[in-house]
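Here is a quick tour of a small model, written for someone who would rather look than read. Keep the viewer open and follow along.

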Amino acid sequence: MINFERYKVIEEALIPYGFTKKGDIYYYSVNILNDTFRVEITIENNKLTGKIIERAFNEEYINYKIQ
């Protein structure tokens, strides 16, 4: 999780880009690599979280985190 304390969410930029807002939480989701994966981004209280979902199994893909 990344904390963007020095930055402020600019709704005018997020909504047109494709984010949706539910309450105080912004969501963004997009399929990548020929629809093999889905990237999910959440912004809540100026904290950005993201994950990659492997669509074949509908589970989080964690191999990119392995060093």
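Let's settle one term before anything else: a residue is buried under 20% relative accessible area, exposed over 50%, and partly exposed in between, using a 1.4 Å probe and protein chains only. By that yardstick Arg38 is buried, at 19%.

This is a predicted model, so local features are taken only where pLDDT is at least 70 and side-chain atom pairs only at pLDDT 80 or more, while totals for chains, interfaces and linings use all residues. Residues are numbered from 1 along each chain as its sequence is written, and side-chain values use heavy atoms, with hydrogens and water left out.

**Overall layout**

The chain has 1 helix and 6 strands, where helices (H or I, at least four residues) and strands (E, at least two) are DSSP runs numbered from the N terminus. Read from the N terminus, the order is β-α-β-β-β-β-β. Of the 67 residues in the chain, 16% are buried.

**Strands and turns**

Strands count as paired if DSSP finds at least two bridges between them. Strand β4 (residues 37–44) runs antiparallel to strand β5 (residues 47–54), and 8 bridges join them. To find the register, look at Phe37, which sits opposite Glu54 in β5. The two strands make a hairpin with 2 residues between them, and Asn45 in that turn has a positive phi of about 55 degrees.

On its other pairing, β5 is joined by 2 bridges to β6 (residues 59–60), again in an antiparallel arrangement. Here Ile53 stands opposite Glu60 in β6. The hairpin of β5 and β6 has 4 residues between the strands. What is the phi of Asn58, in the loop there? It is positive, about 55 degrees, although Asn58 is not a glycine. Asn58 is also exposed, with a relative accessible area of 57%.

Asn34 is another residue to check: its phi is near 55 degrees, a positive value in a residue other than glycine. Asn34 lies in the loop between β3 and β4 and counts as exposed at 80% relative accessibility.

**A nonpolar patch**

Leu33 belongs to that loop as well, between β3 (25–32) and β4. With 59% relative accessibility, Leu33 counts as exposed. Together with Val30 and Ile32, Leu33 forms a nonpolar surface patch of about 230 Å² accessible area. Patches here are built from residues with over 30% relative accessible area and no salt bridge, joining like charges within 9 Å and nonpolar side chains (Val, Leu, Ile, Met, Phe, Trp, Tyr) within 5 Å. The areas themselves come from the Shrake-Rupley method with a 1.4 Å probe, and for residues only the protein chains shown count as cover.

**Charged contacts**

How many salt bridges does a search of the whole structure find? There are 2, each defined as a side-chain nitrogen of Lys or Arg within 4 Å of a carboxyl oxygen of Asp or Glu.

| Salt bridge | N to O distance |
|---|---|
| Glu11 and Lys21 | 3.6 Å |
| Glu40 and Arg38 | 2.8 Å |

The pair of Glu11 and Lys21 links distant parts of the chain, from helix α1 (residues 11–17) to strand β2 (residues 20–22), with the partners 10 residues apart. Glu11 is partly exposed at 33% relative accessible area, and Lys21 is partly exposed too, at 39%. In the other bridge, Glu40 is partly exposed at 21%, whereas Arg38 is buried at 19%.

Lys22 takes part in a contact with a ring: it lies over the face of Tyr27, at 5.0 Å from the ring centre. For that label, NZ of Lys or CZ of Arg must be within 6 Å of the ring centre and within 35 degrees of the ring normal.

**Aromatic pairs**

The whole structure holds 4 aromatic pairs. One of them is Tyr17 with Phe19: their ring centres are 6.5 Å apart and their planes stand at 35 degrees, so the pair is tilted. Rings of Phe, Tyr and Trp (its six-membered ring) pair if their centres lie within 6.5 Å, with planes under 30 degrees apart called stacked, over 60 edge-to-face and the rest tilted. Tyr17 is exposed at 57% relative accessibility, but Phe19 is buried at 9%. Ring pairs also bring in Tyr28, linking Tyr17, Phe19 and Tyr28 into a cluster.
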